[in-house]
Amino acid sequence: MRAIILAAGRGSRLQQTIDRQLPKCLLAFGGRSLLERHLQLLEAAGVREIVLALGFRHELVEAELTRLGLRSRVEIVLNPRYELGSMLTVHTAAEPLTRGGDVLLMDADVLYHPRIMAALTAGHGPVNRLLIDREFEAGEEPVKVCVVAGVPIELRKKLEPGLQYDTIGESVGFFRFDELASRRLAAIVADHVASSRAHLPHEEAVRDLLCERSQRFEVCDVTGAPWIEIDFPADVARAADEVLPQLEVQS
């Protein structure tokens, strides 16, 4: 099993001052960066093959890997046009995405409990899996997963009016793909890039894969497991004040 961690973006919505702008994966909570926490959880889950897709101030992330003594164990791919968004970043990681075996595709800007990693990596595969949390704030910011009879039918921030579903939850931003699904996803991403849609979020390509029904996906409900995606200054505060204490209690 291979993990590809998407950590290329600038994180402009965090409103960091220019002299202190950091890649979001270097934000620290409880004395450990998000990147360090990711790598420790992957190690505990037995995932040894790690690919970091970097862009903005990548040298700082590489320095963090060196500090952790992991620089030689982590493969790095660079997206020099990271400003265009995560679709192009996934395209940059096409080779490790299609190298074979199950692949974990993970956002780097998430603080989360080990139970979420356990849900993502459980079983020996091959398997396609996405994670949902049924307890989420309404609005257009969360990426929503809609499910009918156990089958995911939609993955988007903004849903079409009148869409029918049995279950709805927020996507945690972590996906697991088997070899066939990984190759198909890479092809869909390449088509987006070739047709001037590289600026779209990579979830649009995952949505295309879900909607074409060429692969079977499991939906794993992680409702109740503490986690937060960090996009805004308020998320940083909530991560430190609300989520981190839960991780320390439940670990």
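Trainee: Into how many nonpolar, polar and charged residues does the lining of the largest pocket divide?
Mentor: This is a predicted model. The pocket in question has a volume of about 970 Å³, and Arg13, Lys24, Ser86, Asp109 and Asp231 are the closest of its 37 lining residues to the centre. Sorted by class, the lining comes to 14 nonpolar, 10 polar and 13 charged.

Trainee: Which element gives the largest share of that pocket's lining?
Mentor: Elements giving two or more residues to the lining of the largest pocket are β1, α3 (86-92), β10 (151-156), β11 and α7 (203-212). The largest share is three residues, and the strand that supplies them is β11.

Trainee: Which element gives the most to the lining of the second largest pocket?
Mentor: The second largest pocket, of about 590 Å³, has 24 lining residues, with Glu137, Glu170, Trp227, Ile228 and Arg238 nearest its centre. Two elements, β13 (227-229) and α8 (233-250), each give two or more residues to this lining. With six residues, the element that gives the most is α8.

Trainee: Which residues touch the most other members of the largest nonpolar core?
Mentor: The core has 32 residues, and the elements that each supply at least two of them include α1 (34-44), β4 (49-54) and β11 (167-177). The residues touching the most other members are Leu42, Leu52, Met106, Tyr112, Ile116 and Phe174.

Trainee: With which residues is Tyr112 in contact, leaving aside its neighbours within four places in sequence?
Mentor: Tyr112 is one of the core members that touch the most others. Beyond those sequence neighbours, its contacts are His38, Leu41, Met106, Met117, Phe174, Pro226, Trp227 and Leu247.

Technical notes:
Residues are numbered from 1 along each chain as its sequence is written. This is a predicted model: local features need pLDDT of at least 70, side-chain atom pairs count only at pLDDT 80 or more; totals for chains, interfaces and linings use all residues. Side-chain values use heavy atoms; hydrogens and water are left out. A nonpolar core is a set of buried Ala, Val, Leu, Ile, Met, Phe, Trp, Tyr and Cys residues joined through side-chain atoms within 4.5 Å. Buried means under 20% relative accessible area, exposed over 50%, partly exposed in between (1.4 Å probe, protein chains only). Helices (H or I, at least four residues) and strands (E, at least two) are DSSP runs, numbered from the N terminus. Contact means heavy atoms within 4.5 Å. On a 1 Å grid over the protein atoms alone, a cavity is a set of points where a 1.4 Å probe fits but cannot get out, and a pocket is an open set with protein on both sides within 12 Å along at least five of seven lines; lining residues have an atom within 4 Å of a point. Grid points are joined across faces, edges and corners, and a volume is the space filled by probe spheres set on the points. Ala, Val, Leu, Ile, Met, Phe, Trp, Tyr, Cys and Pro count as nonpolar, Asp, Glu, Lys and Arg as charged, and the others, Gly among them, as polar.
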